Amino acid sequence: MTEARLVEDLLAFIAAGEADEEAFNRMALAVFAHQFETNAPYRRFATQRARTLRTVKSWRDVPAVPISAFKDLTLSGRPPEECPYVFMTSGTTKGVRGKSHHPTLAVYDRSMTVNFRRRFMANPYGGDFERLRMGILFPTEQAMPNSSLAHYLALARSEFGTAESRYFVSDAGLDVDGAIEALSRAEETGEPYALLGASFSVVHLMDALAERGRSFALPAGSRILDTGGFKGQSREMAAEEFYSRLSATFGVPRRLCINMYGMTELSTQFYDDGNETCPSVKSGPHWIRSRVINPLTGQEVPRGSVGVLVHHDLAHFNCASAILTEDAGVEVEGGFQLLGRADGADAKGCSMAVEDFLKAARAS
Amino acid sequence: MERAGHLPGLSADAVDWRTLTFRRGAETLDVAVPVLSEAQIAELATRVRTNARTYLRSRTVAEIAATIDRAVARLLDRDDPWRQKAERLLPLVTGYDAEMVRLGLTGYLKTFRGPELRKFIAEDFANPAVLDDFQPMPKGGFARAFGPELLLHVWAGNVPGLPLWSLISGLLVKAGTVGKLPSAEPLFAGWFAQILAEIDPELAGCIAIVWWKGGDEAAERAWLGRADTVVAYGGNDALEAIRARVPITTRFLPYGHKISFGMVARSALDAGKAGAAARQAAYDVARYDQQGCYSPQTFFVERGGRVSPREFAGYLAHELGALGSKFPRRPLSMGEAGSVASWRNAEETKGFADPSRALLGDPAGSWAVAYTDAADGLSPCGLNRTVTVVAVDRLADAVPGLAPYRAFLQTVGIAAAPEELFALAGALGAVGATRLCALGRMTAPEAGWHHDGRFNLLDLVTMTEIEGSAERAAESFAPYTD
């Protein structure tokens, strides 16, 4: 199947609005075949695990690529030089950044917009908002051309934001005055407002507002989207504390404080339905499915047990649709809960672990 | 419910207790750890300090060592109730295989028998009597070594019995002792204090074994501000946080996380010896699932022997498999399993780019050996029985690459002929390694070992000197002076 045909099929798949097991399977096998045929490193990876076009019968058989492999391997069906869009991880630990190549963003953008409308633009008082005035706590796409989050937020603004929507993060840092002005204006006009951005930037804004003794009561229907965790860029906050402060600072009920869970290695995002209780339940649209596995054996854990998340994102067609994350999670009714990173931060001994070693090596 | 700690003079009813729950399979154990108020901390610190001043100072080192020896003897006696309790509960708390704990305890405790304690002392003091009284000094005058009146140990980790090392070192210099239990193994240190209390209640009155939640700033400050000397174990971040709270006038002795490795020379790689070397290496890897700072994470193996480095990796894999059935690995947390998996995945991925690499492991993921022909340096593995074998032309070739990690190197397990051993020792010491031992002995340092190259006892004391001038001047004031 040609890439153009696959893209067409995927857009139709997304447009279909739902997919049962059989439909998902059919599409997943087509995407796997495309990746197996066009991507030599992925083919080697799959073959080593004895997963070939002949042996893979279900989407669950498609071998999941560990996200660390995106750092070492070029996982792209199209030669990288033919891919105008390259999203890179922030590469905080090893200095090497994982890359996802996109020959086109047609599928990525459709995946984002269809899902975003459904999960973020719903009006609790009926219908959907077509557009909302947005404040974005993240740099622009121009400032960070390799950031999938910058692209995501730019898309949110162009497709769902009003003309007055604006960014509050630039080279000059966080524009606290600008944010205060926009938030005050929303309070005055009673027009629902949406604040979107990186979790750590939200913390920075809350700290800056607290310093000035400011808080807001945004109009009914206003909402907040945070994503990405703190990544050492702000102090760590427990989810419970984060959302209660968020709600108190902006006057937005916790059920409209929505967390988006996305990754550079995916083309689809997960959302929760607010954070009234933490940890919230995350779920995605019908073109992405998740499994919870024991990372050592690769076997699925019994439902309700903690494991590591594997995501199968059909929209990530040019790279590897099935990825093994380093996120711990548990399957629950309606989706999964994220339980932090499965990275040995809880090691008990005095033996040096990888993360510490790398940190030490960088320092010396 | 098992009560942890040792709080001389405080009644258990007056203290708040918090429960730590440990699970292993279907078994659970609740351990109550004490949570002290600021007033109780002050009271306990004063009591320990006073008792140490009046009682410990009046005992000779030999008497103290004899008491420790009796306590250790009870823990070595498999019919003793304390020993039986340790064998029953420590596997439950730490998750380690019961037989591994049993063997490990015996091997470890043997290093604290009477004669071994004398080695501890002799390692640091040419004349141990200097701990009891003023002794003549070669330079003239007299000197006596005083331990701190209040020595605070902040312990960490889950290797059973580890706190004993510094606890005993402190007692040998007559230090009033407060130890903070590690949350991952909160029992052993308290038991030891209680055994001492059965043998010599007054001595046990000079020891408090306490607990606070790691990072509890109020409790930490209260204790740190009251100690003369602080010995602390943990990762560098944790140590940094502690150091920031230690008063500048307090001596601070940090023991951070370390990395250790092995070296196998071609002289150890003939058909008869390579198997034994691999068996010993595997034992070092498996013991306490590589949680110790002395546990090897990489083996450098020399090319040119009868058995190639690649074959040695195979031997090592075979031995790890065998040890896995004899001493199964403890159940891993999801985080630990994630570390192992991501290390394995990364090794596997590297193999796509470099076919000389190999990853040997069992499908259940209970151990793994990565092999590389490339000139890789030292690198941490995923722990919990994962290890890298790096082939080198000459062992000495591996040494320059170690230099960046000077601050983190500790034990090197070596299988090499005498001349090679001493040649390597010079090079390894120069880049920061502090302990060279035989393969198979990496996780069992000998008595009197200079932990991380430091002095167990000497680092704790201050010397009080009577200079020759004072002695001579005193003569002029003597009643018999002319």
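Trainee: How many of the 482 residues in chain B, as a percentage, are buried?

Mentor: Buried residues make up 51% of them. A residue counts as buried if 20 or more other C-beta atoms, placed from the backbone, lie within 10 Å of its own (12 or fewer is exposed, in between is partly exposed). This is a predicted model, in which local features need pLDDT of at least 70 and side-chain atom pairs pLDDT 80 or more, while totals for chains, interfaces and linings use all residues. Residues are numbered from 1 along each chain as its sequence is written, and chains are lettered from A and ligands numbered from 1 in the order in which they are written.

Trainee: What makes chain B as compact as a globular protein of that length?

Mentor: Chain B has 15 helices and 18 strands (DSSP runs, H or I of at least four residues and E of at least two, numbered from the N terminus). Its radius of gyration is 24 Å, close to the 23 Å that the globule rule gives for 482 residues, so chain B is as compact as a globular protein of that length. The radius is taken over C-alpha atoms, and the rule is 2.2 Å times the number of residues to the power 0.38. Along the principal axes, the C-alpha atoms of chain B fill a box of roughly 85 × 60 × 45 Å.

Trainee: Which residues do the contacts in chain B join?

Mentor: Of the contacts between residues at least 6 apart in sequence, 73% join residues at least 24 apart. A contact requires C-beta atoms, placed from the backbone, within 7 Å.

Trainee: Why do S1 and S2 of chain B stand at the edges?

Mentor: The open sheet has three strands in the order S1-S3-S2 (chain B), with mixed pairing. S1 (2-3) and S2 (16-24) of chain B each have a single partner strand, so one side of each is left without a neighbour in the sheet. Two strands pair if DSSP finds at least two bridges between them. S1(B) meets that condition with S3 (residues 27-35) of chain B, since two bridges join them, and they run parallel. Within this pair, Arg3(B) is placed opposite Ala32(B) of S3(B).

Trainee: What are the domains of chain B?

Mentor: The assignment gives domain 1 (2-257 + 450-466) and domain 2 (259-438); such bounds come from an automatic or database domain assignment. The C-alpha centres of these two domains of chain B are 33 Å apart. Where they touch, 14 residues of domain 1 of chain B are in contact with eleven of domain 2 of chain B. On the domain 1 side, H4 (residues 98-109) of chain B gives the most, three residues.

Trainee: Which classes of residue are on that side of domain 1 of chain B?

Mentor: That side has three nonpolar, eight polar and three charged residues. Nonpolar means Ala, Val, Leu, Ile, Met, Phe, Trp, Tyr, Cys and Pro; charged means Asp, Glu, Lys and Arg; the others, Gly among them, are polar.

Trainee: What are the domains of chain A?

Mentor: They are domain 1 (3-104 + 286-324) and domain 2 (107-284), with C-alpha centres 28 Å apart. In chain A, 23 residues of domain 1 are in contact with 16 of domain 2.

Trainee: How many residues of chain A are in contact with chain B?

Mentor: 35 residues of chain A are in contact with 41 of chain B. H10(A) gives the most to the chain A side, five residues. By class, that side has 20 nonpolar, eight polar and seven charged residues.

Terms used:
Two residues are in contact if their C-beta atoms, placed from the backbone, lie within 7 Å.
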